[in-house]
Number of protein chains: 2
Amino acid sequence: MSFGDRLAERVAQRESQIVLGLDPDPAGLWPDAVERAPAQGPAVRRAASAVAMHCAALIDAAGPACVAVKPQLACFERLGADGWAVLAAVVDHARASGLLVIADGKRGDISVSAAAYARALVGSTPTPFGDVGGLGVDAFTANPLLGVDALEPMVDGARAVDAGVFVLVRTSNPGAADVQDLELDGGGTVWERLAQIVAQLGQAGEGSGLADVGAVVGATAPEHVARMRELMPDAPLLLPGIGAQGGRVEDLAPAFAPGRAGGLVSASRSIAAAHESHGGEPAAAARAEAERLRAAAWALS
Amino acid sequence: MSFGDRLAERVAQRESQIVLGLDPDPAGLWPDAVERAPAQGPAVRRAASAVAMHCAALIDAAGPACVAVKPQLACFERLGADGWAVLAAVVDHARASGLLVIADGKRGDISVSAAAYARALVGSTPTPFGDVGGLGVDAFTANPLLGVDALEPMVDGARAVDAGVFVLVRTSNPGAADVQDLELDGGGTVWERLAQIVAQLGQAGEGSGLADVGAVVGATAPEHVARMRELMPDAPLLLPGIGAQGGRVEDLAPAFAPGRAGGLVSASRSIAAAHESHGGEPAAAARAEAERLRAAAWALS
């Protein structure tokens, strides 16, 4: 079953389009995770253990209201090999909890290097000692600056294992204007060209009609979502920027035109740090905020 | 001492502008490395050990003709936590051999995630258990699609520890035409806009005049190098695409306008697989090819 169909099925099963961002900062973990870390050992080992417990607790709390988690790879890589081991454990925990996993690394490189990223994230690597499996996620984010021939090895690697790729089209930060919004000679913008590339690369699932190549579209510029949908009629849109970055679920209706799985609403800090805004225990506050977002998006779609 | 000054000093000391790309494919390692891997254990552990030995042997053979190594992060990540541990060991081996290290991950993300990449690669991460050091490289590659405010946390993180950032401006693959070469309304191309961003972000070293923010410029389009130099007068240019991808050292003269360290010539497969083209033992062939490139670039600059 293609990624588009798997995504549509999972959204229907869980009645959720919410993607729980996992951006663990070792200096800002839930207190329980820090207290339960080993009392001895190298700082990196103790920090990695605390990050693992924080992520597991966050998944256990907010996961039931979500369809997927989105680990931010930078946050794990800063703990080196220990961080990568925690990332693998977090992926396993999320999948065992019935969640899809979207690895957020925004990777992009040429030819064999692009293929190596696909092997690292969704595939496996042949070695003289036998195949070595990768992280085993369901989808990953990719950066399209290097062009179609650089995206293809990642898309091919993902498609071979029914995984998906979410390509950056227009991001949620103000600096998106510097390059993505540039106006092209002959009309249109860079991001509209990127959207065309996404539409060209994707293959629609037989059941859902949803493509296996999606787009990352910041929810902080909702005025673009209708145009995105026009350019990429079948692509699932991954919509970060809700909550902490100022985006509102209510502005995202066009994302859901191809079906409820057409828009995935990603939130990180607004869920993990909900207790700082709304009070209460971190887990209960995270669960309540994820459920609030879930109900808002579901009602809209 | 700023990265620009460090780079200029190291190029002068080693009389080399060659960057040895480390793109280890577990299915294409030097035979000695495979034979010396542990006879028992999980495939991933044995493959990681073989990759470590291959990279060390390649550094020992070709490193004396080079100023830096450039590990391709995808190639290590596909072996998971074991691969990241090998990457750290390879970085240490290269630095102990007097080489600079440029981590080639082409990272790009927004705000705190961009800062986390800088921590992972060149900085350190505060945790409740003490600071955790990152990979400790001298520079890393970055993707500018997300704009200036996404590059700044990486540049700031690097500058704080006298490290450098090489920003993608125009890559060496044919697909570079799809996005980077798009013509803009009002004149110029996307890559010329990226070059302006690089020039704006860099700070010139006091001794060398060379900036701490450089550009990745494919050597497969030498007709652009003079224009690059015009737009980025102080930026070190990292020039991949020599050898296996068809670029020629002889076409790169404008890169060296601000001094010998103004152009870094990166080669990977043409060195590591020199024995396949030229015969002989892998180590001797790699050393000869690296020395040939070194002499050609040095004579030109």
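Me: What radius of gyration does chain A have, and what would a compact globule with 301 residues have?
Reply: This is a predicted model, and the comparison for chain A starts from its 301 residues, for which a compact globule would have a radius of gyration near 19 Å. The C-alpha trace of chain A spans about 60 × 55 × 40 Å along its principal axes. The value for chain A agrees with that of the globule, since it is 19 Å.

Me: How many helices and strands does chain A have?
Reply: Both kinds of element occur in chain A, helices as well as strands. The count for chain A is 13 helices and 10 strands.

Me: How much area do chain A and chain B bury between them?
Reply: The size of an interface is often given as the accessible area lost when the parts come together. Here the contact takes 68 residues from chain A and 68 residues from chain B, and 65% of the buried area lies on carbon and sulfur atoms. On the side of chain A, the residues A:Arg78, A:Phe129 and A:Leu145 lose the most area to chain B, together 15% of what that side buries. Between them, the two chains bury about 5,600 Å².

Me: Which residue of chain B forms a salt bridge with A:Lys106?
Reply: Between chain A and chain B the count is 4 salt bridges, and 25 residue pairs are found in polar contact across the interface. By class, the side of chain A that touches chain B has 37 nonpolar, 17 polar and 14 charged residues. In the salt bridge of A:Lys106, the closest N and O atoms are 3.0 Å apart, and the partner is B:Asp109.

Me: What relation do chain A and chain B have to each other?
Reply: A turn of 180 degrees, with a shift of 0.0 Å along the axis, lays chain A on chain B with an RMSD of 0.0 Å. In addition, 100% of the interface residues of chain A are also interface residues in chain B, so the copies meet through the same surface. The relation given by that turn and shift is the one of a two-fold axis.

Key:
Residues numbered from 1 in each chain as written. Chains lettered and ligands numbered in written order. Predicted model: local features only at pLDDT ≥ 70, side-chain atom pairs only at ≥ 80, totals over all residues. Heavy atoms only, no water. Contact = heavy atoms within 4.5 Å. Buried area = accessible area lost by both parts, 1.4 Å probe. Salt bridge = Lys/Arg side-chain N within 4 Å of Asp/Glu carboxyl O. Polar contact = N/O pair within 3.5 Å; in protein donor to acceptor, adjacent residues only side chain to side chain. Nonpolar A, V, L, I, M, F, W, Y, C, P; charged D, E, K, R; others polar. Least-squares fit on C-alpha atoms with pLDDT ≥ 70 in both. Helix = DSSP H or I, 4+ residues; strand = E, 2+ residues; numbered from the N terminus. Rg over C-alpha atoms; globule rule 2.2 N^0.38 Å.
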